[in-house]
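Reader: I have a model open and want to go through a few spots in it. Can you start with the strands?

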Amino acid sequence: MINVVIVEDLPIHQLYFKTIIDQDEQLCCLDVFDNGRDAIANIPSLNPHVVLIDLGLNDINGIECIAQLSKICPDIKFMVCTVHDEDENVFEALKSGANSYILKKSKPYQIIDAIVEMHEGGSPISSDIARKVLNQLPKIKAESIDTSYHITPREKEILNLLSRGLSYQEAADELYISVKTLKKHTYNIYQKLNAGNRTEALNRFFGSKAEK
């Protein structure tokens, strides 16, 4: 069971996220907070696996909440779920300690998949956000092939799919393989790139190609 806390100021979104979580047998919603101050005060004692947090809170914004809580609770995974997709918000959230960044327009199954994937060590991000991350890198020449990490053609396919923000399930469906097989490939990719999450892996692989 993955224990989740929701930090969201709008009642309609609180209900939406809580309903999605409560309907999935893998997840359990421990509590809901409508402001950053209460979240910071109470989340450490609840010790959830995942915190689903909005950025536009009324008092302490989501980025500052993540920054404070990630220092106190290093084992908690933080998933930003917001309408804000501006570059500044994305990168500030990731720098503050967010493990995942998805948009509220994501479908319910995408939110569930992202929570599970993050809990298992991934860093799911919406496809729109993935493009913003990659656009910050130098342009990649199509003919440039990175061999320094010994990435196989299949692993390269997976990296390209992950760069589009696909979940493990969506990437596995695209390649006609099982999620278990895809996760094994992803683990190997992380090991080769010495990366701890999706964003690091994408930056190291695509960034190194751009430098060649």
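Author: Met79 stands opposite Ser100 in β5. This is a predicted model, where local features need pLDDT of at least 70, side-chain atom pairs count only at pLDDT 80 or more, and totals for chains, interfaces and linings use all residues. Residues are numbered from 1 along each chain as its sequence is written, and side-chain values use heavy atoms, with hydrogens and water left out.

Reader: In which sense do β4 and β5 pair?

Author: Parallel, over four bridges, with β4 covering residues 77-82. Two strands pair if DSSP finds at least two bridges between them. Helices (H or I, at least four residues) and strands (E, at least two) are DSSP runs, numbered from the N terminus.

Reader: Are the faces of β5 buried or exposed?

Author: Ser100 and Ile102 on one side are buried, and so are Tyr101 and Leu103 on the other. Buried means under 20% relative accessible area, exposed over 50%, partly exposed in between (1.4 Å probe, protein chains only).

Reader: Switching to α4. What does Ser96 contact?

Author: Leaving aside neighbours within four places in sequence, Ser96 touches Ile63, Ile66, Ala67 and Ser70; contact means heavy atoms within 4.5 Å. Ser96 is buried, at 13% relative accessible area. A polar atom of its side chain lies 2.7 Å from the backbone oxygen of Ala93.

Reader: And how do α8 and α9 pack?

Author: At an angle of about 105°, with axes 9 Å apart. They are therefore roughly perpendicular, a term for angles of 65 to 115 degrees. Axes are lines fitted to C-alpha atoms, for helices over the stretch in contact, and angles run from 0 to 180 degrees between N-to-C directions.

Methods:
A polar contact is a pair of N or O atoms within 3.5 Å; within protein, one must be able to donate a hydrogen and the other to accept it, and residues adjacent in sequence count only if both atoms are side-chain atoms. Angles under 35 degrees count as roughly parallel, over 145 as roughly antiparallel, 65 to 115 as roughly perpendicular and the rest as oblique.
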